[in-house]
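Student: Could you take me through a close look at one part of this structure, its nonpolar interior, and then say what can be added about other places in the chain?

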Amino acid sequence: MKRLFCILFLFVLFGCSTNKDKALNRFFHRTTTHYNYYYNAREIFNAAVTKVESSQKDDYSELLPLFVYGDESSARSIFPEMDVAIEKSSTAIKKHSMRIKRQERNNWIDDCYLLIGKAYFYKKEYFNAKENFDYLFRSFKDRDTRVQGLIWSARTSMEEKDLGKVDYWMKKLEEENPESDKVKAEMYAVLADYEIKKKNFDRAIEMLEKAVTRTKEKKKRARFTYVLAQLYHQKFEYKKATRAYSEVIKMRPGYEMEFQAKIARARAYDFKSKDVSVVKKEMNKLLRDKKNKEYRDQIYFALAELAFREGDEPLGIEYLRKSAASSTSNIKQKTQSYLRLAKYYYNKPEYRNAHMFYDSTAAVVPKNYEFYDEVMSRKDYLTDLIKNMDIIAREDSLQLIVFDEKKRRKVIGQLIDDAKAEKERKIKELEQDNSGSNNNFFANDNNKNPFNAATATSGKWYFYNPSTMALGVSSFQRVWGKRPLEDDWRRSNKNNATTLQNDTSSNEDGPKIDFDEDRLSEEYYLKDLPLDDSSLIASNKSIEEAMFNVGSIFRENIQDYRAAIETFEKLVSRFPEGELLLPSYYQLYRLALEIDDDKRTAKYRKIIVDNYPDSEYAEIILDPTSAKVVRENKKRVENYYAQAYEYYQNKKYDIVIARCEKAKSIFPENHIASKYDFLKALSIGHSNTVDTFKMALESVIELHPNTEEEAKAKEILNKIMNAPTNENNNGPVYQKNETEQHYFVMMVANSDKQMQMYKAYVANFNNAYFSGKKYSVETIGYDAEFDLLTIKGLENESAAITYFKAFLENKDHLAKLNQKGYNAFIINISNFGEMYKKRDTSGYLTFFLGNYMK
């Protein structure tokens with residue numbers, strides 16, 4: 001027994017020394033580091049990473065990210081775990097590092113440094129992370145250790161979007177050849193991620209294929225393989241994509257990914273290798289499965305893709321409609337289904353249907369959607385196109401029945417009969433359910449659309465009868481006014497709606513109904529017809545302008561040059577003395593040039609030059625350089641503005657102001673002067689006093705009336721004028737300082753007697769989430785109403801913002817305190833002194849909201 005005790009004593013005695021490179025010393029410190037510190041720290045770290053990854057909601061309609069790091073909120077949720085991992089690993093290094101002759105003899109110390117760096121990385125404290133990764137790369141000779149330092153340095157730079165550093169680390173990585181497959185797999189995955197971010201997908205596939213073959217961990221391998229399948233899919237390599245999706249399914253990665261792989265495999269199915277009926281059968285089986293109810297929109301979308309690839313367009317359209325109809329919570333999928341339909345009809349082209357589905361897409365598309373701007377742009381100009389087409393159709397139809405008295409009387413007589421029938425029906429419905437008028441325009445309220453009953457009795461859809469439709473539109477506009485095509489159009493003029501609802505009729509002793517008695521008279525419909533010369537001239541002018549607009553939209557927005565030529569040629573033929581004849585000839589000349597139609601080009605060139613020799617158009621045709629000069633000048637102006645705007649985005653406001661001033665001398669009377677002046681005003685707002693900003697905005701309003709910039713300037717000026725201000729005009733002037741220490745401040749009512757409890761809550765929160773920080777919690781008396789619960793020691797603005805968000809989002813330690821709704825803010829030490837001295841709460845809160853909460 002004594003001998004055993006002596007052995008143990010000697011083991012501890014000699015083992016405790018970190019300066020002796022003996023086998024016993026190394027064994028002791030390695031074993032202790034591994035089992036007492038690193039193992040526990042790694043388990044805590046892995047659990048925290050799993051928590052972050054589990055909180056990630058993958059969007060399978062996009063290319064999945066290879067790595068899941070979480071957002072700021074998820075990062076804050078794992079602060080306690082990561083701090084423990086950092087503390088344990090740091091203690092291991094401090095107590096058991098054996099750096100002898102510039103070489104580390106404890107082979108677990110590099111793992112501790114790596115774990116510390118990764119913990120900081122997941123906390124999004126990238127500066128601290130980089131210090132550890134850089135130390136690994138520069139201080140250890142082991143090749144795999146060095147490569148891991150490089151890998152994580154590269155990942156950190158990518159998260160920081162430091163492109164220069166990313167390129168540097170990637171070049172270093174490509175020079176390395178790690179020994180273990182695990183490190184090789186990680187290196188290739190990071191290289192693939194880098195290439196994906198650069199949209200160099202061929203190179204990304206090459207790297208990811210290498211990563212997949214070397215990755216042993218099932219979860220990572222499944223994710224990497226899924227991304228690889230997506231990359232094949234978007235390159236239309238269906239055979240490889242099908243095989244990769246099938247590999248994912250075999251791995252059983254979890255229901256969500258397995259289901260998505262089946263859906264994606266169906267969309268990418270390789271018809272050449274197998275019978276497509278197999279995948280259809282699988283999709284229909286998924287449809288029947290009740291647990292897939294919320295995924296039916298995606299299944300229908302996959303079936304639609306299959307149908308289109310087989311050439312069965314009607315079936316594809318049917319499935320897309322079903323997909324959109326069954327999509328309730330998945331807005332992204334609803335957007336994709338509508339957009340697929342919109343693009344289908346746009347490319348046919350069937351512009352009415354395309355407009356309908358772009359309109360539907362615009363109603364649901366998220367603002368961060370990749371094609372948001374394209375959707376909104378197409379929706380807008382298609383709306384304009386259809387509006388002008390409808391003007392032409394309506395005026396043509398009205399003119400048609402003007403010159404055919406027999407047809408006119410028949411149509412009006414039918415409308416009056418139907419109005420009578422509608423009135424009787426409304427009375428009966430009201431008597432039956434006593435439910436009042438129905439506000440559904442297209443369902444029951446035919447008073448607002450008096451032609452539904454007419455078309456029902458005739459067996460033809462209302463819109464198939466141009467004459468009836470034309471009168472209907474005119475009646476609608478008389479009741480509702482001219483409305484833009486938009487959601488909730490009924491609400492855009494509440495006065496009209498109120499008038500209509502109050503315009504009731506009664507059937508003697510019967511109940512009141514919402515009905516316009518004028519609809520029972522012939523004069524009601526005749527008012528809209530161009531029966532005299534002046535009305536007919538106005539009608540023709542509307543048609544001419546609408547045709548010019550339609551042709552211009554075809555040319556400039558849609559680039560459907562054939563349709564544009566057809567429209568303009570109809571215009572010049574129909575209105576040979578119209579006001580828009582010459583501009584139409586010039587449009588036809590330009591269109592002929594666009595499609596290399598020499599015969600048409602010569603024809604319209606001759607018409608313009610011979611018949612209108614003194615016109616601007618003739619001058620441009622005879623001297624093509626003049627038009628070119630105009631275009632080139634516009635391009636220069638816009639490029640110069642784009643550069644100024646880039647400086648603005650980078651917060652270089654002085655440069656922006658200087659460039660906007662210089663633009664006035666370089667480009668006098670340019671076509672976007674309002675944009676230059678507005679950008680200058682915004683830069684002044686960021687770098688000068690409020691009064692100077694106001695003057696700049698007022699200048700924009702004065703110099704650029706009836707522009708978008710004027711409206712924006714007025715909006716901002718109005719907000720400034722209505723913003724809360726200090727009662728004392730000589731109040732403190734607050735300044736931002738990103739490097740200065742900050743306080744977190746919560747204004748707690750004096751009447752609230754639980755301040756001590758709140759301080760305990762905050763202390764527990766700090767210990768859990770900011771255990772490595774030396775933050776102090778204090779109470780400071782303020783005024784007759786409030787005391788200040790103050791957290792001091794926040795290192796700088798960035799740390800203060802992190803703390804502020806974590807504090808307000810916390811749902812365990814601080815839930816009761818946050819429910820109180822007390823004002824909270826962060827403030828640097830200098831500003832705190834100014835605010836406290838003047839008790840300028842409202843003044844500082846205005847500054848805080850404008851500078852920290854933007």
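Tutor: In this predicted model, the largest nonpolar core holds 77 residues, and those that touch the most other members are Tyr122, Met170, Leu173, Leu208 and Tyr226. The element that gives the most to this core is helix α5, residues 109–122, which supplies 10 residues. Tyr122, once its neighbours within four places in sequence are set aside, is in contact with Phe45, Val49, Val68, Tyr69, Ala75, Ile78, Met82 and Trp152. A second core of 72 residues is separate from this one, and among its members are Leu306, Leu385, Ile565 and Val572. As a general tendency, nonpolar side chains in soluble globular proteins are buried together.

Tyr39 offers another case to examine: this residue belongs to helix α2, which covers residues 23–55. Because its relative accessible area is 36%, a value between the 20% and 50% limits, Tyr39 counts as partly exposed. Its C-alpha atom is separated by 9.7 Å from that of Cys112, although the two residues are 73 residues apart along the chain.

Farther along the sequence, helix α39, residues 841–851, has as its buried residues Thr841, Gly843, Tyr844, Leu845, Phe847 and Phe848. The elements covering these buried residues include the strands β5 (742–749) and β8 (824–828), together with the helices α36 (797–809) and α38 (829–838). At the N-terminal end of α39, Asp840 acts as the cap, with a side-chain oxygen placed 3.3 Å from the backbone nitrogen of Gly843.

Notes. Residues numbered from 1 in each chain as written. Predicted model: local features only at pLDDT ≥ 70, side-chain atom pairs only at ≥ 80, totals over all residues. Heavy atoms only, no water. Buried < 20%, exposed > 50% of the residue type's maximum accessible area, 1.4 Å probe, protein only. Helix = DSSP H or I, 4+ residues; strand = E, 2+ residues; numbered from the N terminus. Contact = heavy atoms within 4.5 Å. Polar contact = N/O pair within 3.5 Å; in protein donor to acceptor, adjacent residues only side chain to side chain. Core = buried A, V, L, I, M, F, W, Y, C linked by side-chain atoms within 4.5 Å.
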